[in-house]
Amino acid sequence: MSERRPPAESAAPREGAADRTPVEDADVCVIGAGPAGGLVADRLATEGYEVVILEAGPRFSFEDRLARQERAVRPAYDRPEVWDGDPERDAHSATGEWFYPLNHTRVKGVGGTTLHWQGMVMRLHEDDFNSESERGVGVDWPIDYEDLRPYYAEAERELGVAGADDNPFGPPREEPHPLPAFKPSYSDSLFAEACDELEIAMHSVPNARNSEAYDDRSACVAYGTCQPVCPSGAKYDATVHVERAEEKGATVIDRAPVQRLEHDADGDLLEAAVYATPDGEEHRQTADAFVIACGGVETPRLLLLSESDRHPDGLANSSGLVGKFFMDHLFAGTDGVLDEPTRQNHVGFLTSESHQFYDEADEEIAPLKLEFFNYAGPSPVGMALEETVWGDELLERLRSSYGHHVGMGALVEQLPRQDSYVALDPSETDDHGNPVPDVHWNVDDRALRTLERANELQERILTALGAEITGQVGPDNTGPAYHHMGTTRMGDDPDESVVTPRLRTHDLENCWIASSSVFPTAGAMNPTLTIAALSLKAAEHVLESI
C-alpha cells in the first residue's frame, strides 16, 4: 500500500541548528526538550542564565503538521511513523510478564510526548500523596498536595488549561482555570441521562488546549486528530516553552542524544554531558548544573549508562533504585452501539469524566476515573477499506453503520513494585551501540480487580443508556496508557529513593530530575500537569542553588 503514502519530504524534520558544538560557559544543561525540559529551560532563561538544551530527536516544522495529520489518518502508516520514529534509534526490549509496546506513543524530538498527547491535565487528589497512610498500600510522597498546589496553579497558567470548577470530587482549588471549559459533546448529553438515572456524577475535563485564543495561539478548530497531531497549535505542546526559552537566550541542540554523563574526580558533581551528532562526532557539554528531563524510561537509562568507578551501578544509584518501580496506568473500556446517531459535532478529546469513585480506593481497590468518549467507533476511512464495494453502495453502508457507537474508558492506578522496572539490555544496542532500555512491566492484582470494577460501572451506564455492548477491555486484555512513571523515586531517605523532595539527586550535588520518573505512586490521573508542576518546582530549586 505504499502508493498511499504522501511524499516523505512533505513531512520532513526541520533542519534545526547547523552548529551542534557545545555552548561555552553554560550555567545549566537541560537534557530533553519535552514539557519538563521546556518549562525548566524557560524559567531559568527568564532569570538570565545561560541555558543549553540537548534533545535526542529532531526539530519538527510546524508547517508540516498538516502532512503529519494526513499520515495519521492513512492506514498505511503505523502510529510511530507520524513523528518519524526510528526502529534502530528507538529500539527497546520488553521482558516482563506483560509486554510493553514502548514505541507505540513515543516521540523523540523537540516537543517530546506533547506532540502527540491527548491533552488532559488533572491534578492528583490529596490522598494520592499519602497512599500508604490513607489507603494502606504503596508509599507516601515526601510532599503533600498543599506543597504542590501553587505549582499546579502556575502550571495551569503556563499550559493554558481550559476547565471549570464543577468537579465535586476534585482537590481544592485556589483560582479558576485560565480558560473556560469546553462544552459537553453531543454524546455527553446521552451519557448524562443514564448517569442521572444511576446517580453517577459527570463533570468537565480540564484540557491543555485553547477553548478561546490564548498565549498567541488560536482556539481549537476541532480537527479531531489531537492524538497524534494538532495541526492548529491550539493544543499545548512543549515547543511553546522551548521557543520561549530560545527567545530569552537559551540554545537548543537537536539530534544530539546524550551518550553518558561524566562527573568530577570525587564523584559528587556532574561535569559534562557527552552527546553525539549526526555527523558522527561526540561533544562534551559542560555546565554548572544539570537537569535531566528525559521521561520515565530514558532518564533511568541515561543514569545507568553513565556508570563509573565511583558509581559502578550507574549515577545517582547508591540506593539501587534507579529504574525500579516502573508504573503506568491501566486502561479499562467498554463499547456499544445505539439505534440513534451519537457522533454529531464530535471532537478528538474528552469533554466529560467522573471522579466519583476515585477516593473509594483502599488496599483492595485502586483509584479509578471514568471517561466518556465522544469519538467512539471506527473511522470512516477504516470502514471503507474493510468493505468490498465502492461508490453509492459504500456511501449507503457508511451512512447506516457509522456514527452510532458509544464508548467509555477508565484509568486505573498500578502500585509501585520492584519487579516492575527499566533496565539495560546489553544483548541489543541502539544506533550508537548503547544497550537499549528493557521495560520489565509487571502488574499487581489490585489493579486487575479495579479493572473489573471499572468494567462493571461502564456496563451499568451503557445498559441504562440502552446500548448493545459490543466489546470490552478489562483484566484479560488491558494495556498501558503510556504514562511512564516511578523509575527515579522521590523521597527523604537516600536509601529508599533517588531524588530529594527538592528534586535533586541524593548522590550528586548539581543534578536535578524533572520527570514523571520521580513519582513515588501513580494515582489514576493523567500525569502531565503534575510533571509540569514538579518541573516548575525543580526550576525554583535550581535557581536557589546557582
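Helices here are DSSP runs of H or I at least four residues long, numbered from the N terminus. With that naming in hand, we can walk through this model, which is a predicted one.

Let's start at an open site, the second largest pocket. Its space comes to about 440 Å³. Of its 21 lining residues, F62, D237, T239, V240 and E243 sit closest to the centre. Helix α6 gives the largest share of that lining, five residues. Strand β4 (59-60) is also a contributor: β4 and α6 each supply at least two lining residues. What kind of residues line this pocket? By class, 11 are charged, six are nonpolar and four are polar.

Just ahead of α6 in the chain comes a loop worth a stop. T225 is found there, between β7 (203-204) and α6 (239-247). Is T225 buried or exposed? T225 counts as buried because its relative accessibility is 11%, and the cut-off for buried is under 20%. Its side chain makes a polar contact of 3.2 Å with the side chain of Q69. Setting aside residues up to four places away in sequence, T225 touches Q69, V73, C230 and P231.

One of those partners, C230, leads us to the enclosed spaces. How many cavities of 30 Å³ or more does the structure hold? There are three. The largest cavity has a volume of about 80 Å³. Fourteen residues line the largest cavity, and C220, Y223, C226, C230 and S232 lie nearest its centre. Its lining is made up of nine nonpolar, three polar and two charged residues. The second largest cavity has a volume of about 50 Å³. R79, P80, W83, H104, T105, R106, V107, H116 and P228 form its lining. By class, that lining divides into four nonpolar, three polar and two charged residues.

Now for the packed interior. The largest nonpolar core has 91 residues, and L159 and L261 are those with the most contacts inside this core. Helix α11 (residues 528-545) provides the largest share of this core, nine residues. A second, separate core has 35 residues, among them A194, A366, V422 and W441. What does L159 touch, leaving aside its neighbours within four places in sequence? L159 is in contact with L39, W117, V121, A208, R217, Y236 and A532.

Another buried spot to visit is V51, in strand β3 (residues 51-54). V51 counts as buried because its relative accessible area is 0%. Beyond residues up to four places away in sequence, V51 touches V28, V30, A41, L44, A45, A250 and T251. For a sense of span, pick out Q472 as well: it lies 421 residues from V51 along the chain, and the C-alpha atoms of the two are separated by 48 Å.

A194, named above as part of the second core, takes us to helix α5. The buried residues of α5 (residues 186-198) are S187, D188, L190, F191, A194 and C195. A general rule helps in reading such a list: an α-helix has 3.6 residues a turn, so residues three or four places apart point the same way. What covers the buried residues of α5? The cover includes strands β14 (352-354), β15 (368-372) and β16 (405-412), together with helix α10 (445-465).

After α5 comes E199, with a positive phi near 60°. E199 has this positive value although it is not a glycine. This residue lies in the loop between α5 and β7. E199 counts as exposed because its relative accessibility is 69%, and exposed means over 50%.

F325 makes a good companion to E199. Phi of F325 is also positive, near 65°, in a residue other than glycine. F325 is found in the loop between α7 (295-305) and β13 (330-337). Is F325 buried or exposed? F325 is buried, because its relative accessible area is 8%. So these two loop residues, each with a positive phi, part ways in their surroundings: E199 is exposed, whereas F325 is buried.

Note on methods
Residues numbered from 1 in each chain as written. Predicted model: local features only at pLDDT ≥ 70, side-chain atom pairs only at ≥ 80, totals over all residues. Heavy atoms only, no water. Buried < 20%, exposed > 50% of the residue type's maximum accessible area, 1.4 Å probe, protein only. Contact = heavy atoms within 4.5 Å. Polar contact = N/O pair within 3.5 Å; in protein donor to acceptor, adjacent residues only side chain to side chain. 1 Å grid on protein atoms, 1.4 Å probe; cavity = no way out; pocket = protein on both sides within 12 Å on 5 of 7 lines; lining within 4 Å. Points joined across faces, edges and corners; volume = space filled by probe spheres on them. Nonpolar A, V, L, I, M, F, W, Y, C, P; charged D, E, K, R; others polar. Core = buried A, V, L, I, M, F, W, Y, C linked by side-chain atoms within 4.5 Å.
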